[in-house]
Each structure stands twice: as structure tokens, then as C-alpha cells.
Amino acid sequence: MDVLYLVIPCYNEEKVLPETSRQLKEKLNHLILNEKISPESRIVFVDDGSKDKTWEMISHLHLQNKIFQGIKLTRNKGHQNALLAGLMTVMDHCDITISLDADLQDDINAIDEMVDKYHEGCDIVYGVRSARKKDTVFKKITAEGFYKLINSMGAEIVYNHADYRLMSRKALEGLQSFEEVNLFLRGVVPMIGYKSDKVYYERKERFAGESKYPLKKMLAFAWEGITSLSTKPIKFISMLGGLIFIISIIMLVYSLVRHFMGETETGWTSMILSIWSLGGLQLLAIGIIGEYIGKVYLETKKRPKFIVEKYLSDESENK
């Protein structure tokens with residue numbers, strides 16, 4: 001039977017860990033009892049530099065039951081890097097992984113169908129939200145707008161899919177070959193290829209704690225995804241610059257015609273508007289281009305995406 005590892009990134013999750021660990025243990029035991037996965041399957045919590053008692057609780061869970069494992073990062077590296085750290089650390093110990101968030105808003109009952117899809121030959125199975133009934137109108141509009149925008153820019157991401165997914169060891173090895181520092185897993189995983197499928201579920205309310213993705217972080221995450229996966233913003237600036245150049249030529253011809261017709265009054269308002277609009281456009285263009293240059297700078301430095309301080313596993317409690 002195949003060994004399944006559940007990988008759960010955690011940042012200040014002391015309020016949800018007791019219930020999360022209980023539900024996940026029940027789910028894993030259910031799958032083992034039904035002989036869908038091996039008894040060697042494990043639940044792995046990745047502590048992303050938490051400031052509360054998250055790591056102490058993970059360590060306690062590991063001492064109580066070896067079904068729980070823990071990975072502690074040296075510092076906070078963000079959700080995507082914490083998730084990658086977990087996946088890469090456990091890759092050699094399992095046949096399949098399923099990543100999910102600690103708040104269990106993603107329905108864990110979808111895990112059964114994910115495993116079934118894997119046994120049918122899929123190397124990647126995406127957990128996809130069937131609806132957004134519980135989202136606010138603003139959240140729904142912005143989320144759907146993001147997926148449409150990023151796909152229109154040439155990136156290939158699965159609509160209404162976050163980071164709830166199954167990946168086989170073969171898929172993880174493919175993911176390992178992507179070396180970019182600016183990580184956006186939702187866009188990178190579809191690039192791996194291999195046979196994939198989707199499992200649909202309804203997202204639940206967070207039962208405790210606070211969301212780790214307020215509006216500010218959501219916007220930053222969206223921007224990271226767009227600039228990590230697409231160069232279309234730069235192409236758009238080039239097109240916009242060409243359009244403004246054409247307009248400026250037309251305005252030049254228009255001004256010359258008025259000059260030779262003797263209508264030489266200078267419009268102060270139009271001049272000021274031109275200066276401000278062109279100046280703003282130039283600053284916007286420089287800012288977007290600078291964003292890409294900054295990403296190139298980080299990629300060339302090849303800094304590690306994460307550093308594991310401890311790994312509580314079956315073999316060692318301090319690896």
C-alpha cells in the first residue's frame with residue numbers, strides 16, 4: 001500500500017491545532033482501516049516561524065503519537081515556502097502527499113476521493129471549491145477577478161483552487177526541478193505536467209483563530225503570482241508607451257497646424273494635465289519594470305527558499 005503524508009503549513013495556529021490534529025488523525029486512521037493507504041502514513045505540521053506555542057504543541061503531539069511529525073523552519077518564510085519545505089523534506093519518505101491548511105476550511109472528506117483518483121493513475125489531484133456561497137460579495141468578486149486576470153496574462157492556474165492538492169512522488173520530483181526563488185505554487189504545479197484531475201468540495205468556515213490572509217496580504221499574493229508567472233505587464237507598458245507616442249505625434253501635428261493658422265494661445269490646463277499624466281505613467285512603468293528587475297536580482301543570488309531547523313520524524317526527533 002502507498003504511504004501518504006499530509007503536509008500542513010502552520011503560522012501561529014495554537015488555537016486550531018488540537019481540533020485539526022484530532023480530525024486529521026481520524027481521517028488517516030479511517031483510510032488505513034479501509035486499506036487505502038499504508039499504516040506508515042503520517043501527518044506533518046510545518047512550523048513557519050510561529051511566535052506562539054505552535055511548535056511546542058507539535059512537539060507534544062509527536063511525543064504522544066508517532067503518526068504526527070513536525071518540521072520547524074529557522075524563521076518565517078511565508079506560506080508558499082513553508083509548504084515547499086514540507087513537501088521537499090518528506091518527499092523521500094512517502095509515495096503521495098496531500099497539502100492543506102491548518103484551519104481545515106478545506107473539507108478533509110475530499111481526501112478519500114483524491115486518493116481514489118491517484119489509484120486511477122493521476123499524479124496530481126487539485127482540490128477545487130465548488131462554490132463561494134460563504135464569501136462576502138467583495139471577496140467573491142476580487143477572487144474571481146484574480147483568476148480571470150492571471151489566466152488572461154498567460155499563466156495556467158486552476159480556477160478556484162488554492163493549495164489543497166495531492167501530488168505523487170514523481171510529481172514532487174518534477175516540482176523539485178523548479179528553482180525559482182519567487183515561488184507561486186498554484187502556477188508552478190500545473191507546469192509539471194503528468195496526468196491530473198480535480199476533486200470538488202465546499203469550503204467551510206474557519207472554526208478558530210484568525211485568517212492569515214487579510215486584504216493587504218491577498219493583494220500582495222496576487223501581485224506575486226502575476227509577476228512570477230507572466231511578463232505581460234511589461235509588454236502592456238510597451239504597448240501603452242507606443243500608443244502615447246502616436247498620440248504625441250498627433251498632438252504635435254495638431255499644434256503645428258494651429259500655429260500656422262495663427263491660433264497660438266497656450267493652454268495652461270492642458271499643459272499641466274499632460275505633464276502629470278505622462279509623469280505618472282513613467283513612474284508606473286519604472287515601478288513595474290523595477291519589480292521584475294528586483295525578482296531577477298533575487299533569482300541570481302540563489303538564496304535558500306527555506307532552512308529546516310528541526311525535523312521530528314520516526315527516525316529522529318532532532319534532525
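**Aromatic pairs, helix packing and buried faces**

By the distance rule for ring centres, the structure has two aromatic pairs. The first is formed by Phe45 and Phe68, whose rings are stacked, at 6.1 Å centre to centre and with 20° between the planes. Phe45 belongs to strand S2 (residues 42-47) and Phe68 to strand S3 (residues 68-73), so this pair ties together parts that are 23 residues apart in sequence. Phe45 and Phe68 are both buried. The second pair, Tyr164 with Tyr201, is edge-to-face: the centres are 5.3 Å apart and the planes stand at 80°. Tyr164 lies in strand S6 and Tyr201 in strand S7 (residues 196-201), so that distant parts of the chain, 37 residues apart, are linked. Tyr164 and Tyr201 are also buried.

These values come from a predicted model. The protein chain contains 10 helices and eight strands. It has 319 residues, of which 44% count as buried. Among the contacts with a separation of 6 or more, 82% are between residues 24 or more positions apart.

The next part to look at is the start of the chain, where two helices pack together. Helix H1 (residues 17-33) and helix H2 (residues 54-64) meet at an angle of about 35°, and their axes are 11 Å apart. Their crossing is right-handed. On the H1 side the contact is made by Leu17, Pro18 and Ser21, and on the H2 side by Thr54, Met57, Ile58 and Leu61. Sorted by class, this contact has five nonpolar residues, two polar residues and no charged ones.

Ser21, in helix H1, connects this contact with the stacked rings described above. Leaving out residues up to four places away in sequence, Ser21 touches Phe45, Leu61 and Phe68. Leu61 is one of the H2 residues in the contact between the helices, while Phe45 and Phe68 form the stacked pair. Ser21 is buried, with a relative accessible area of 4%. Its C-alpha atom is separated by 8.3 Å from that of Ile43, which is 22 residues away along the chain.

Which residues of H2 are buried? They are Thr54, Trp55, Ile58, Ser59, Leu61 and His62. These residues cover an arc of only 160° around the axis, which puts them on the same side of H2. An α-helix has 3.6 residues a turn, so residues three or four places apart point the same way. The buried residues of H2 pack against strand S1 (4-10), H1, S2, S3 and strand S8 (308-312). The face turned away from this buried side carries the exposed residues Glu56, Leu63 and Gln64.

Leu63 on that outward face deserves a closer look. It lies in helix H2 and is exposed, with a relative accessible area of 58%. The C-alpha atoms of Leu63 and Leu312 are separated by 9.3 Å, although these residues are 249 residues apart along the chain.

Helix H6 (residues 169-176) can be read in the manner used for H2. Its buried residues are Ala171, Leu172, Gly174 and Leu175. They cover an arc of only 155° around the axis, which puts them on the same side of H6. Several elements cover these residues, including helix H3 (79-90), strand S4 (96-99), strand S5 (124-129), strand S6 (161-168) and helix H7 (185-192). Strand S6 also holds Tyr164, a member of the edge-to-face pair.

Two loop residues remain, and both concern the backbone. Most residues other than glycine have a negative phi. Asn12 is not a glycine, yet has a positive phi of about 55°. This residue is found in the loop between S1 and H1. Leu104 likewise has a positive phi of about 55° without being a glycine. Its place is the loop between S4 and helix H4 (110-119).

Are Asn12 and Leu104 buried or partly exposed? Asn12 is partly exposed, with a relative accessible area of 26%. Leu104 is buried, with a relative accessible area of 6%.

Terms used:
Residues numbered from 1 in each chain as written. Predicted model: local features only at pLDDT ≥ 70, side-chain atom pairs only at ≥ 80, totals over all residues. Heavy atoms only, no water. Buried < 20%, exposed > 50% of the residue type's maximum accessible area, 1.4 Å probe, protein only. Helix = DSSP H or I, 4+ residues; strand = E, 2+ residues; numbered from the N terminus. Arc of directions from axis to C-beta. Contact = heavy atoms within 4.5 Å. Phe/Tyr/Trp six-rings, centres within 6.5 Å; stacked < 30°, edge-to-face > 60°. Axes fitted to C-alpha atoms, helices over the stretch in contact; angles between N-to-C directions. Left-handed = near helix turned anticlockwise from the far one by under 90°. Nonpolar A, V, L, I, M, F, W, Y, C, P; charged D, E, K, R; others polar.
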